[in-house]
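Biologist: I would like a close look at one part of this model, namely its nonpolar core, followed by what you can tell me about the rest of the chain. Please define your terms as you go.

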Amino acid sequence: SGKIKIGAYSIILGRSRIGENTILDSYVMIGYPSKKNLLRLLEADNSYIDEIDKVSSGAEIGKNAIIRAKSIIYESVRIGDNLETGHNVLIRENTIIGSNVKIGTGTVIDGKTIIGNNVNIQSNVYIPLLTEISDDVFIGPGAVILNDKYPPSKRLVGVKIMRGAVIGGGSVILPGVTIGEN
């Protein structure tokens, strides 16, 4: 079976599962708890690291992943094989990501998001709650997707980006928009 290489100060929390032939660079955290579970730490008497491990439900990452330094993947995230991230990537809870996905440095995926297979997300992209990205999509650097027409209304509406779409660098996609195929 393949190995998992874990860099300095990286932490794997909860019942996280990580596939073989994976590299976790330094200062990576897998399975970071959602706010609801993090607040349970206030009731604990043990050390912080012992308790944060107990409250996390963990994350699932397929084989052959490269997760670079200072990236954080929350609990309840499922990722397929061959993930590659840049540095400082944040993937929030309840996100599902397919296989063969690249996520550039400084990108934030704010949770409750679905990302298909063979997706290339460049650096400094913002992907909010309720976004759906189909297979074979390219998102250029600095693109911003929005999900609230009248912030801070809390009436969130997701964006859908269909198979094979190309989003140029610096684009702003407004709430509720669907980008068609190709």
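Modeller: I start with how the model is to be read, go on to the core, and then move outward to the charged pairs, the surface and the backbone.

This is a predicted model, in which local features need pLDDT of at least 70 and side-chain atom pairs count only at pLDDT 80 or more, while totals for chains, interfaces and linings use all residues. Residues are numbered from 1 along each chain as its sequence is written, and side-chain values use heavy atoms, with hydrogens and water left out.

The protein chain holds 2 helices and 24 strands, which are DSSP runs numbered from the N terminus (helices are H or I of at least four residues, strands E of at least two). Of its 182 residues, 42% are buried, where buried means under 20% relative accessible area, exposed over 50% and partly exposed in between, with a 1.4 Å probe and protein chains only.

The largest nonpolar core has 40 residues; such a core is a set of buried Ala, Val, Leu, Ile, Met, Phe, Trp, Tyr and Cys residues joined through side-chain atoms within 4.5 Å. The members that touch the most other members are Ile-30, Ile-67, Ile-73, Ile-91, Ile-103, Ile-139 and Ile-161. Two or more residues come from each of strand S5 (29-32), helix H2 (48-55) and strand S8 (72-74), and S5 gives the most, with 3 residues. Taking Ile-67 as an example and leaving aside its neighbours within four places in sequence, one finds it in contact (heavy atoms within 4.5 Å) with Ile-23, Leu-24, Asp-25, Val-28, Ile-30, Ile-61, Ile-73, Leu-83 and Thr-85.

Helix H2, a contributor to this core, also carries Lys-54, which counts as exposed because its relative accessibility is 53%. Lys-54 and Ala-44 are 10 residues apart in sequence, and their C-alpha atoms are 10 Å apart in space.

Turning to charged pairs, a salt bridge is a side-chain nitrogen of Lys or Arg within 4 Å of a carboxyl oxygen of Asp or Glu, and by this rule the count comes to 7. In one of them the side chains of Arg-68 and Glu-84 meet at 3.0 Å, N to O. This pair links distant parts of the chain, with Arg-68 in the loop between strand S7 (66-67) and S8 and Glu-84 in strand S10 (residues 84-85), 16 residues apart. Arg-68 is partly exposed at 25% relative accessibility, and Glu-84 is partly exposed at 27%.

A salt bridge of 3.1 Å, N to O, joins Arg-92 and Glu-93, and these two are linked with Asp-110 in a network. Arg-92 is partly exposed at 23%, whereas Glu-93, at 16%, counts as buried. In a further salt bridge, between Asp-136 and Arg-163, the closest N and O atoms are 3.5 Å apart. Asp-136 sits in the loop between strand S18 (132-133) and strand S19 (138-139), and Arg-163 in the loop between strand S21 (160-161) and strand S22 (166-167), so that the pair, 27 residues apart, links distant parts of the chain. Asp-136 is partly exposed at 36%, and Arg-163 is partly exposed at 41%.

Not every nonpolar side chain is covered: Ile-6, in strand S1 (residues 4-6), is partly exposed at 47% relative accessibility.

In the backbone, a cis peptide bond with omega of about -5 degrees joins Pro-151 and Pro-152, the latter lying in the loop between strand S20 (144-145) and S21. Asn-64 has a positive phi of about 60 degrees although it is not a glycine, and Asn-64 lies in the loop between strand S6 (60-61) and S7. Most residues other than glycine have a negative phi, and most peptide bonds are trans. Asn-64 is partly exposed at 30%.

As for overall dimensions, the C-alpha trace spans about 50 × 40 × 20 Å along its principal axes. Residues 24 or more positions apart account for 28% of the contacts with a separation of 6 or more.
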